[in-house]
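Dear colleague,

I am handing over the structure below, and after it I set out what was found in it. Please keep it open beside you while you read, since each paragraph takes up one part of it.

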Number of protein chains: 4
Amino acid sequence: MFKTEYRISFSDCDPAGIIFFANLFRIAHIAYEELMNDIGSSEVFFPVSNFLLPIIHSEADFINPIQYDQLIRIDVEVSKLKRSSFELEYKISDGRGKKLGLIKTVHVAVEKPNFKKTELPEEFIAKLDPHVRR
Amino acid sequence: MFKTEYRISFSDCDPAGIIFFANLFRIAHIAYEELMNDIGSSEVFFPVSNFLLPIIHSEADFINPIQYDQLIRIDVEVSKLKRSSFELEYKISDGRGKKLGLIKTVHVAVEKPNFKKTELPEEFIAKLDPHVRR
Amino acid sequence: MFKTEYRISFSDCDPAGIIFFANLFRIAHIAYEELMNDIGSSEVFFPVSNFLLPIIHSEADFINPIQYDQLIRIDVEVSKLKRSSFELEYKISDGRGKKLGLIKTVHVAVEKPNFKKTELPEEFIAKLDPHVRR
Amino acid sequence: MFKTEYRISFSDCDPAGIIFFANLFRIAHIAYEELMNDIGSSEVFFPVSNFLLPIIHSEADFINPIQYDQLIRIDVEVSKLKRSSFELEYKISDGRGKKLGLIKTVHVAVEKPNFKKTELPEEFIAKLDPHVRR
């Protein structure tokens with residue numbers, strides 16, 4: 001389990017005074033970037049990488065309103081791991097047990113530059129493995 | 001069926017050269033705003049409204065990469081309409097039959113300022129009705 | 001003079017109910033992209049281009065609050081044109097004479113991929129010329 | 001002097017692989033929010049506040065390209081302090097002496113909800129005072 005925190009900024013929120021829904025997807029991606037850094041796979045975001053991991057599906061449940069200046073906790077797990085794709089699940093909470101939201105992102109490995117589906121490198125799968133939900 | 005168009009801007013895209021996934025959710029919301037304007041319900045976004053329509057669920061399939069400067073077409077339908085909530089479905093295409101993505105947003109009516117679930121006003125339901133999928 | 005329009009979206013605005021200041025810079029960039037399309041120079045945003053035009057300076061005066069759903073008009077002019085750089089000026093108004101804001105962006109030509117300063121191509125200067133303020 | 005750090009995320013960057021200029025303004029605002037928290041004035045961002053501090057001018061010099069995953073340091077000072085307005089200056093660096101950018105924001109006190117210019121509260125001026133450049 002990988003966990004991180006994020007403080008909601010003014011520009012994350014809309015005129016209703018709560019986080020704009022699309023920004024929670026953006027924040028989940030930041031947690032994904034931190035996970036990639038943590039497992040030593042940050043190269044997937046750089047031009048040097050010979051594969052890309054575009055998101056082919058994503059979904060979110062917005063359970064409780066999230067407000068400006070709120071410090072949220074994000075717990076990330078690999079909820080599915082296949083040959084060519086994986087799913088990440090992000091549990092958003094207030095850090096004291098109150099659920100705020102749940103996000104999923106499904107990533108598929110594709111070759112550069114033609115976006116043709118390929119297999120996840122063995123080494124990458126090995127690095128993700130400790131974060132797979134048991 | 002309500003339809004609109006949107007041209008992908010430079011800042012919608014990320015270093016991989018394609019639209020950043022969270023931005024397609026943001027663009028779907030713009031189509032939702034235009035639908036509300038079209039049916040004469042833009043007040044749902046203004047402080048004068050006595051109810052809010054927060055998004056409690058959203059999901060997206062990203063079918064084909066969407067690139068900078070691409071003109072996308074968005075077809076919006078009410079895919080579900082209940083007493084207190086409704087679901088919108090946004091079909092994203094290139095306008096020539098090629099599917100690019102599919103987004104759903106589920107909205108629930110809540111009172112201001114306590115975010116307590118309430119019923120959708122009759123008048124609002126009547127305005128949404130012509131856009132319900134048959 | 002190049003002019004365009006933009007409707008302020010919900011996510012452009014912050015909890016104060018007006019446009020978040022950084023988003024007006026983003027919107028000015030959309031007008032710049034449209035100008036590049038208009039003069040046939042959209043390649044400056046694509047990987048094929050052999051030069052980049054990064055912004056080295058930008059400034060804005062926010063004259064009147066801009067609100068959700070407001071249709072703004074953007075008039076763009078080339079306010080300076082030099083061998084290696086140019087300045088764009090964006091006058092933001094409500095389309096009926098009321099000034100809302102003024103933005104400037106200064107762009108410098110650099111080589112790819114080393115970001116070394118270079119000269120603007122003759123052909124590009126010729127295309128910008130009709131939009132230079134006289 | 002108030003200082004903070006920020007790690008550049010994937011969605012902060014554009015297809016040129018560097019930070020999109022408008023996002024550096026957004027990041028400066030996050031540093032401003034942290035400064036307000038630090039001096040005990042976070043209420044300026046909440047509905048309870050009886051005044052607002054809209055930005056009436058902002059400018060930026062982009063000195064060196066800022067890339068994905070870069071950890072930037074932001075030093076914030078009050079560069080001007082008047083009866084009704086103040087200016088903040090944000091020095092952006094890599095934390096090892098290399099200058100990356102310089103941003104300024106000018107804030108003016110206005111009454112709610114009519115946006116009429118007013119004076120900064122004495123208490124607020126006193127809290128800003130330790131951060132005024134000497």
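**A glutamate in chain D**

Glu77(D) has a relative accessibility of 14% and therefore counts as buried, the cut-off for that word being under 20%. Please bear in mind from the start that this is a predicted model. Glu77(D) belongs to strand β4 of chain D, which covers residues 71–81. Leaving aside residues up to four places away in sequence, Glu77(D) is in contact with Met1(D), Glu87(D), Leu88(D), Glu89(D), Lys91(D), His131(D) and Arg133(D).

**A leucine in chain B**

For a residue on the other side of that cut-off, you could turn to Leu102(B), which lies in strand β6 of chain B, residues 99–108. Leu102(B) counts as partly exposed because its relative accessibility is 23%. Not counting residues up to four places away in sequence, Leu102(B) touches Glu59(B), Ala60(B), Asp61(B) and Ile63(B), and also Glu89(B), Tyr90(B), Lys91(B) and Ile92(B). With Lys91(B) the separation can be stated in two ways, for Leu102(B) and Lys91(B) are eleven residues apart in sequence, while their C-alpha atoms are 4.8 Å apart in space.

**Strand β6 of chain C and its partners**

In chain C, strand β6 takes in residues 99–108, and seven of its ten residues are buried, so the strand is largely enclosed by the rest of the structure. Which strands pair with β6(C)? One of them is strand β3 of chain C, residues 55–62, which pairs with β6(C) in the antiparallel sense over seven bridges. Strand β5 of chain C, residues 85–93, also runs antiparallel to β6(C), and nine bridges join these two strands.

A single residue of β6(C) lets you see both pairings at once: Gly101(C) stands opposite Phe62(C), and Gly101(C) is also the bridge partner of Ile92(C). Strands β5(C) and β6(C) form a hairpin with five residues between the strands, and in this hairpin Gly95(C) takes a positive phi near 85 degrees.

**How the chains are related**

As general background, two copies of a chain are related by a rotation about an axis and a shift along it. For chain D and chain A, the superposition is given by a rotation of 180 degrees with 0.0 Å of shift along its axis, and the RMSD is 0.0 Å. This is the relation of a two-fold axis. Within chain D, the C-alpha nearest the axis belongs to Tyr6(D), at 5.7 Å from it. Both copies use the same surface, in that 100% of the contact residues of chain D recur in chain A.

Chain B is likewise superposed on chain A by a rotation of 180 degrees with 0.0 Å of shift along the axis, at an RMSD of 0.0 Å. Here Glu59(B) is the residue of chain B that comes closest to the rotation axis, its C-alpha being at 2.0 Å. Once more the same surface serves both copies, as 100% of the contact residues of chain B recur in chain A.

**Cavities and a pocket**

How many cavities of 30 Å³ or more does the structure hold? There are two of them, and the largest has a volume of about 430 Å³. Its lining is made up of 24 residues, and those nearest the centre are Arg26(A), Arg26(B), Asn23(C), Arg26(C) and Arg26(D). Helix α1 (21–38) of each of chains A, B, C and D supplies at least two residues of this lining, which by class has eight nonpolar, eight polar and eight charged residues.

The second largest cavity, with a volume of about 30 Å³, is lined by Thr4(B), Glu5(B), Tyr6(B), Ile27(B), Ile30(B), Ala31(B), Glu34(B) and Ile74(B). Two elements of chain B, β1 (2–7) and α1, give two or more residues to the lining of this cavity, and α1(B) gives the most, with four residues. By class, five of the lining residues are nonpolar, one is polar and two are charged.

Lastly, the second largest pocket has a volume of about 990 Å³. It is lined by 32 residues, of which Pro15(A), Ala16(A), Gly17(A), Pro15(C) and Pro47(D) are the closest to its centre. The lining of this pocket divides into 25 nonpolar, five polar and two charged residues.

With best wishes

Technical notes
Residues are numbered from 1 along each chain as its sequence is written. Chains are lettered from A and ligands numbered from 1 in the order in which they are written. This is a predicted model: local features need pLDDT of at least 70, side-chain atom pairs count only at pLDDT 80 or more; totals for chains, interfaces and linings use all residues. Side-chain values use heavy atoms; hydrogens and water are left out. Buried means under 20% relative accessible area, exposed over 50%, partly exposed in between (1.4 Å probe, protein chains only). Two strands pair if DSSP finds at least two bridges between them. Copies are superposed by least squares on the C-alpha atoms of residues with pLDDT of at least 70 in both. Contact means heavy atoms within 4.5 Å. On a 1 Å grid over the protein atoms alone, a cavity is a set of points where a 1.4 Å probe fits but cannot get out, and a pocket is an open set with protein on both sides within 12 Å along at least five of seven lines; lining residues have an atom within 4 Å of a point. Grid points are joined across faces, edges and corners, and a volume is the space filled by probe spheres set on the points. Ala, Val, Leu, Ile, Met, Phe, Trp, Tyr, Cys and Pro count as nonpolar, Asp, Glu, Lys and Arg as charged, and the others, Gly among them, as polar.
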